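Open the model in your viewer and keep the selection tool at hand. The tour goes from one charged residue to the next.

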Amino acid sequence: MTKWVYTFGDGAAEGRAGDRNLLGGKGANLAEMCSLGLPVPPGFTITTEVCNAYYANGRTYPDGLEADVVAALDHIGRITGRRFGDPSKLLLVSVRSGARASMPGMMDTVLNLGLNDETVEALAADSGDARFAYDSYRRFIQMYSDVVMGLDHEMFEEILEDQKASLGHELDTELTAAEWQGVISLYKAKVEEELGKPFPQDPHEQLWGAIGAVFSSWMNSRAITYRRLHDIPESWGTAVNVQAMVFGNMGDTSATGVAFTRNPSTGDRQLYGEFLVNAQGEDVVAGIRTPQNITEAARIAAGSDKPSLQKVMPDAFQAFVDISDRLEKHYRDMQDLEFTIERGKLWMLQTRSGKRTAKAALKIAVEMARDGLITKEEAVARIDPASLDQLLHPTIDPKAARDVIGMGLPASPGAATGEIVFSSADAEDARAQGRKAILVRIETSPEDIHGMHAAEGILTTRGGMTSHAAVVARGMGKPCVSGAGSLRVDYKAGTLVSMGQTFRKGDIITIDGGNGQVLKGAVAMLQPEVSGDFAAIMEWADAARRMKVRTNAETPLDARMARSFGAEGIGLCRTEHMFFDGARIVAMREMILADTEKDRRAALDKLLPMQRSDFLELFEIMAGLPVTIRLLDPPLHEFLPKTEAELAEVASAMHVSADKLRQRTEALHEFNPMLGHRGCRLAVSYPEIAEMQARAIFEAAVEAGRKAGALVVPEIMVPLVGLVKELEYVKARIDAVAQSVMKETGTKIDYLTGTMIELPRAAIRAHVIAEAAEFFSFGTNDLTQTTFGISRDDAASFLETYRQTGIIEQDPFVSLDVDGVGELVRIAAEKGKATRPAIKLGICGEHGGDPASIRFCEEVGLDYVSCSPYRVPIARLAAAQAAVAAAKGAARRA
């Protein structure tokens, strides 16, 4: 028979810390503290399995639960010498949630349960303090009515504030027992007025109402949002913890508080927290009274004149310090603690691993490793890779006020403030004049590269997490909010309209790429900090990982930045990004407009020295590390002007007729360019383009090798291959150019030719393609598009609906679809190795910087991941964690 309820108390417990999946974090840790002999009020935990059964069966409880709860209440009664619902031996309980993962403040709690018009008098007699009893009863009515009965908390606060004002009181603690009785009468009348029924007096009815409310809170909007933001599955469910009440509001020898065993902001080794005398738990966080510091040192540092717990209750304080130290050593992590002192006796109500900033997480992990409390591998595992973004980008000061005018997708982390500009040219002008700008576009295109580079941040009204704006912004380390669909941009009018407000060019806005908010005006920022602890964790991570970490970079700035972050080469150099500046775009357009191969080659000859210079600098920056250069990938129409005004301007500059330019643009138009004339298809149609790029690569490799006195081995990647004959055709041109350059320079050139696996057919036929390819790089952005049949630029309009309805758990463009796209990667890797055992395997899509995707890359045995420069530290850490997890898994299987 299924066990639905687990008890704890009096130094014994049916559960332990390892049972968090079943008992939730709170229940498992209460059981653990009890087993350690710490002072924990007795209670019981209703398991997460009940929560799942509750929702699976139309919000009804499983058979046997009621009997188990009654038996557990008797268990509490035996330990306390009391009985639930019996005024002569009064037992009151608290009812709290407790999910597997900590979700602070997201779900519901009820305190003082069991009070009614009769038992409140028993509590007054039992405690000898009528004021305390009636204060507890009014708290219970207020909390129960809000959490269980659905009445707004503020309704009761208004009644209380009115009563305090009429009685001449400022603080809740000033009300007498008789005055609290008056408040209680008003509360009960309000309940009956609003709901048409009296406040429940039966303690057992109250208990089941509270249990149901906690289970129901698992599906409240704030809990759903929190789970979505923190990737917590709905299927985990929550447990319910029922405990005997202990009271922090029994006078001046009682108190309640919360504390961390270390500073959660800085990681400093000092007790950090607050408490209130004569209060219950919700008072500390409600802000009605100003909490006091726990330690005297913290009180002095804060300049507070309110006494610390250390001074007010020295014996309870010392007991708390001893327990804090013991729990941190036991759990081997910084703890977040809740406690109550009832008439001088300390009771522990909760312990859990504390939430902390990235800076604090690094400091705590490094110190604990150096103290021998945890291993270096454990220290590496303690850091959330995604949290490193806090250290690498400016972020908005948590204390700053936010005037939110719109929401989009958090496409690239960090925050930026600047004046609105609607064009790349205006962004460049602003930068030239020393003004900071936010580039606001409906959507960006490759032509906006220079404007994106000049801007402080990018805001688009269309596009998803892997749109052009998002991908390029992440590569540049620029904050970006994409897909802000509620905003309306009018280029002609030069306006941005949001929430009834109109903003014009030059108006100041702030974007938060960490959460997708668009804010009015300038907002205070925190600048990034990288400490010695960061370097230590990165060193330990590098020692633990198997996969290499490269970067996606095509500019010297990006390449140098990536090297400074520890990149071990370039996994993707997108050559098309090199063609949009100045004279290059002119030569590129001349090539596209050329009617003959001869004229195309003449235009390409102008591009050759520019490309050679680009590659030479990248080779020099990477200093012998591998550099993978992708041949031209996008369709040619992307390099041509779009609007009539742009057509006229470009035609005049190039001394060609606007009609000819328009005709060529129209001829190159495609209904679905993503699946059109691009990638290797361009190289087959116009082999002279691939030949020019290959020559630039080889000549740069020779020169870089001569300068460095060491061989440079470039890796040339042919994109969008689906047929081995495509690759063979292009590879033959590359090999011919290599032979020519070797003959001309008298230098032997070593190089690799490979392909990007971004089509399902390529994955399925990888064993054949590997006959010609010396490496595979998985382009998972396009592989996801072609596998799902979804355009990543248009998917944002419905993928969030898919997430909310449970059709998908994750946006497949953000985190790799392991079951579908991942299976194709696995197939291609296995087939490629079967043909060519030494084939080099990597990933260069945006997934290369996603920790969950990196775990999968470790599982399938890829040699490296490649990501944008600012995600290199994240990838290094995630790759280490994946390697450690894989090693542990292998050891368990052995």
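Select Arg138 in this predicted model. Its relative accessible area is 4%, so Arg138 is buried, the cut-off being under 20%. Now add Asp172, which is buried too, at 9% relative accessibility. The two side chains meet in a salt bridge of 3.7 Å, N to O. Arg138 is in helix H5, while Asp172 is in the loop between H6 and helix H7 (177–195), so the pair, 34 residues apart, links distant parts of the chain.

Widen the selection to Arg131, Asp135, Arg139, Glu161 and Lys164: together with Arg138 and Asp172 they are joined into one network by salt bridges that share partners.

Next, select Arg550 and Glu715. Their closest N and O atoms are 3.0 Å apart, in a salt bridge. Arg550 is in strand E27 (residues 548–552) and Glu715 in strand E30 (residues 714–718), 165 residues apart. Are these two buried or exposed? Both are buried.

For a contrast, go to Asp126 and Arg82, whose side chains form a salt bridge of 2.9 Å, N to O. Asp126 is partly exposed, at 44%, and Arg82 is partly exposed as well, at 31%.

Now look at the surface. Asp146, Asp152, Glu154, Glu158 and Asp162 form a negative patch. Which helix gives the most to this patch? Helix H6 (residues 153–167) does, with three residues. Asp152 is in the loop between helix H5 (130–147) and H6, and is partly exposed at 45% relative accessibility.

Finish at Asp782 in helix H31 (residues 780–788). Asp782 is buried, at 11%, and a polar contact of 2.7 Å joins its side chain to that of Gln785.

Note on methods
Residues numbered from 1 in each chain as written. Predicted model: local features only at pLDDT ≥ 70, side-chain atom pairs only at ≥ 80, totals over all residues. Heavy atoms only, no water. Patch = residues over 30% accessible without salt bridge, like charges linked within 9 Å, V, L, I, M, F, W, Y side chains within 5 Å. Areas by Shrake-Rupley, 256 points an atom, 1.4 Å probe, with all protein chains shown as cover. Salt bridge = Lys/Arg side-chain N within 4 Å of Asp/Glu carboxyl O. Lys, Arg positive; Asp, Glu negative; His and termini not counted. Charge placed at Lys NZ, Arg CZ, Asp CG, Glu CD. Helix = DSSP H or I, 4+ residues; strand = E, 2+ residues; numbered from the N terminus. Buried < 20%, exposed > 50% of the residue type's maximum accessible area, 1.4 Å probe, protein only. Polar contact = N/O pair within 3.5 Å; in protein donor to acceptor, adjacent residues only side chain to side chain.
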